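Please look over the sequence and the structure shown below before reading on. The briefing that follows deals with how some of the helices pack.

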Amino acid sequence: MKQLPDLWFDATKCFINGEWVAPIGGEQLALTDPSTGAEIGSIARGKSADIDAAVAAAEDARHGEWGRMPAFEKGRILNRLGRLILTKTEELARLEAIDVGKPLTQARNDVIAMARYMEFYAGAADKVHGETIPYLDGYTVYTMREPHGVTGHIVPWNYPMQIIGRSVGGALTMGNTCVLKPAEEACLTALAFADLARQAGLPKGVLNVVPGLGAEAGKSLSNHRGIHHMSFTGSVGTGQSIQSAAAQNVIPVTLELGGKSPQLVFDDADIDAALPFLVNSGIQNAGQTCSAASRILVQRGVYDEVTSKMAAKYRELQVGPALQDLNVGPLISARQKDLVTGFLAQGNDLNIAATGEIIATAPAGGNYIAPTLYEDVAPDHPLAQNEIFGPVQTIIPFDDEAEAIQIANGTDYGLVASIWSQNGARQFRLAKALDAGQVFINNYGAGGGVELPFGGVGKSGHGREKGFEALYGFSKLKTVAALHG
Ligand code: NAD
């Protein structure tokens with residue numbers, strides 16, 4: 001059995017109250033390398049008793065040293081954590097690459113993004129202020145931003161480091177204590193993060209990590225009565241059950257549930273500038289990206305040019321093991337590969353403009369899918385409507401602006417959109433008209449954007465993470481009205 005690289009933390013345990021502890025039930029889950037299909041180790045199978053212990057530790061911690069710590073001191077800890085993450089860039093990138101199956105360069109970007117979250121939030125920790133409100137004569141009224149208390153974080157396997165950074169980072173900044181349930185498919189960097197947070201000086205119990213299955217540890221956490229806020233990223237179905245659980249406990253919930261994001265390319269666009277964004281946004285992380293631009297809407301005047309240029313790029317794409325650092329790695333699991341293969345079968349009636357290539361030496365047990373670009377797809381085709389979560393893009397032609405808007409807004413989702421056009425008036429019109437949480441003009445998802453509020457509309461979810469907006473979500477507002485005459 002091929003083993004993981006040497007780790008500086010115990011990947012087989014939970015991290016609760018500042019200690020590495022075996023799951024109470026003593027069970028482990030197999031850890032599989034998506035690049036080979038081989039079992040490479042095991043992780044804790046945390047269950048409800050472990051979640052209980054983690055929530056109790058987080059509850060204690062919020063009344064202790066952390067609760068009394070000045071905001072700027074919290075910021076200093078986050079700053080140290082950011083620096084520690086950067087000193088471990090290569091180790092973390094390798095771990096994420098092996099665990100998720102993402103090419104090393106992409107994993108390295110995720111490490112840097114996680115550090116950036118810590119840096120951004122560190123600086124913001126003492127800058128989220130309340131207001132004074134003019135009221136009746138004889139009153140002084142002001143507002144205070146307070147932590148919710150214990151926050152639950154259920155994260156998926158596609159970008160563990162980035163999503164933990166934006167979610168746990170934001171919650172810690174506002175003084176919450178956290179219980180994190182990483183995905184069973186990829187949780188190594190969540191555990192690494194907990195250990196680095198300990199090294200950075202985060203007090204015991206402020207961050208607790210319980211790996212385990214969604215139906216066990218995840219469900220226990222989302223239903224737990226000791227949680228005061230829940231942040232979830234993942235599928236629509238699971239998001240709905242998380243929201244139901246939050247409704248039972250009457251707590252706020254942030255849901256980020258993916259999308260079917262469009263890029264709109266108009267006749268006056270700079271096609272060559274757009275090209276890398278059009279392709280990378282679809283194949284990055286093998287298309288397993290909530291903000292993947294899986295729909296490319298192209299005006300008919302440049303339709304042939306865009307299609308042939310994208311197809312040429314697709315033919316150059318190489319797919320192989322994560323550590324070979326090619327353009328595209330494997331999908332996370334055999335299950336995800338089956339899901340994507342099922343979608344591709346629904347595209348049998350479509351024209352394939354081009355595919356990428358799985359390298360000949362790719363291990364047979366890896367979860368490889370050749371990137372596939374479909375052309376001339378009708379907007380209501382299942383491949384243009386459903387989130388595929390694989391390296392698959394559809395090109396959809398349109399005639400004019402009105403039709404482009406109608407197609408762009410014509411799915412259940414609304415996470416990200418982009419407009420490629422030199423026409424300033426059109427840029428502003430469309431930025432208003434598009435149903436999405438983020439709209440990019442002549443770029444797409446640039447640079448990760450830890451500063452930029454992010455989240456969706458419709459089935460993409462609700463609530464915002466990243467930027468200062470995240471910090472408002474991870475805190476509750478108290479109004480104080482003093483009558484002093
Ligand atoms: P999922 O939503 O089931 O899993 C995401 C997280 O939720 C994991 O940590 C999982 O353990 C946990 N979870 C699962 N069931 C739970 C439950 N009942 N209660 C509490 N937590 C639970 O997603 P998946 O099954 O891994 O992937 C399926 C599809 O979801 C993908 O094909 C993709 O379309 C979508 N997805 C979206 C994102 C995103 O970033 N928005 C991420 C992953 C998957």
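Is the crossing of H3 and H7 left-handed or right-handed? The crossing of H3 and H7 is right-handed (the near helix is turned clockwise from the far one by less than a right angle). This is a predicted model, in which local features need pLDDT of at least 70 and side-chain atom pairs count only at pLDDT 80 or more, while totals for chains, interfaces and linings use all residues. Residues are numbered from 1 along each chain as its sequence is written, and side-chain values use heavy atoms, with hydrogens and water left out.

**H3 with H7**
- The axes of H3 and helix H7 (residues 188-199), which are lines fitted to C-alpha atoms over the stretch in contact, come within 9 Å and cross at roughly 125°.
- H3 and H7 are therefore oblique to each other, a term for angles outside the classes roughly parallel (under 35 degrees), roughly perpendicular (65 to 115) and roughly antiparallel (over 145).
- Leu 81, Leu 84 and Ile 85 of H3 make the contact (heavy atoms within 4.5 Å) with Phe 193, Leu 196, Ala 197 and Gln 199 of H7.

**H3 with H5**
- Helix H3 (residues 71-87) packs with helix H5 (residues 104-124) at an angle of about 165°, their axes lying 8 Å apart.
- That angle makes H3 roughly antiparallel to H5, and the crossing of these two helices is left-handed.

**Helix H15**
- Arg 426, Gln 427 and Leu 430 in helix H15 (residues 424-433) are buried (under 20% relative accessible area, 1.4 Å probe, protein chains only).
- On the other side of H15, Phe 428 and Lys 432 are exposed (over 50%).

Note on methods: Axes are lines fitted to C-alpha atoms, for helices over the stretch in contact, and angles run from 0 to 180 degrees between N-to-C directions. Helices (H or I, at least four residues) and strands (E, at least two) are DSSP runs, numbered from the N terminus.
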